[in-house]
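Work through these short exercises with the model open. Try each task before you read its solution.

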Amino acid sequence: MATPRVDTARQTRHGPAPTTSLIERANGAVIRGDGIATTAGQPRRSTTGSPKPTRQGGSALRHAKGHPALVDPVRAARAFVADCFPTAWAAYLGGSTGTVFQSPTSDLDIVVVLDGEPAPFRQTLRHDGWLVEVFAHTVASFDAFVERETAGRRSPLLHMCALGQVLVDRDGGAVGLQERAQARLAAGPALLSVTEREDRRYLISDLLDDLTGCQDGDELIFIGVRLLTAVGELVLLEKRVWLGRGKWLLRRLRQTDPATCEQLLDGFRELVAGGNPAALRQAAEVVLNRSGGRLMEGYRRDSTLGPA
């Protein structure tokens, strides 16, 4: 049989390159040309009653009006796992869907835990009208990926497992893994080392100089974006809060230090709307001063060449 087509524009790898569709290898499912997961050549839908979700239902944010599978994202996620990963011993629905952050374009972020191959991998496809991002792991690969991500003080996989809705739990393994993830999440990221704090102070100091001296209104916006991100990350790291990217950085910053978050946002809005960097510069300097202040002269980092 020819390799099934998937949404290759969004497909990414989370492990060894497969020779056939990863979903097909997991369950004998077929990915149609339009990216819809099927079995025996036909799309499958859940025929069971909708379980009581701990997350919000998505009826007000349906992607297709009147589509029953899209009313409840937890039900849709369970149907997907049942169709495509019937042997999974654990599965979780993470991300924004089913929470207060759900939007009309939210997809289903699903972590599935398998006993072995084809995991680990990551794949995006469409199932019953939902765009689904699958993060398939074994226990060993889950631990390895979390270890690698947490070293950078940011772990989407850890958050999805720790905070997600349990979809499948065979023999209590899913709850056990989730409790372990929750403990690691609650412990928070490592404290900044002296070297790491200096690196971040240097970066922000350099951006502040760029902001002050910039004569190009368009360049000013790009400098402001990077400064906003760097300062927001420093706020979180000094409080030992996990980092996030894009919208997740804003959400964690707003929850951790709402006053500083609003000051930074107000300054950035003034920069974009009127080209005035003063408020953003002032807000950034307040944060920087709490971490030791500007650092330029005397900063040095020795570099070594890697192996040939």
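Buried means under 20% relative accessible area, exposed means over 50%, and partly exposed lies in between (1.4 Å probe, protein chains only). This is a predicted model, where local features need pLDDT of at least 70, side-chain atom pairs count only at pLDDT 80 or more, and totals for chains, interfaces and linings use all residues. Residues are numbered from 1 along each chain as its sequence is written, and side-chain values use heavy atoms, without hydrogens and water.

**Exercise 1.** Classify the ring pair of F101 and W248.

Step 1. Rings of Phe, Tyr and Trp (its six-membered ring) pair if their centres lie within 6.5 Å; planes under 30 degrees apart are stacked, over 60 edge-to-face, the rest tilted.
Step 2. The structure holds four aromatic pairs.
Step 3. For F101 and W248, the centres are 6.2 Å apart and the planes stand at 70°, so this pair is edge-to-face.

**Exercise 2.** Are F101 and W248 buried or exposed?

Step 1. F101 has 39% relative accessibility, so F101 is partly exposed.
Step 2. W248 has 28%, so W248 is partly exposed too.

**Exercise 3.** Find the rings that R251 lies over.

Step 1. A charge sits over a ring if NZ of Lys or CZ of Arg is within 6 Å of the ring centre and within 35 degrees of the ring normal.
Step 2. R251 lies over the face of F101, 4.0 Å from the ring centre.
Step 3. The charged end of R251 also sits over the ring of W248, 4.6 Å from its centre.

**Exercise 4.** Which residues do ring pairs link into a cluster?

Step 1. The cluster links F80, F85 and F121.
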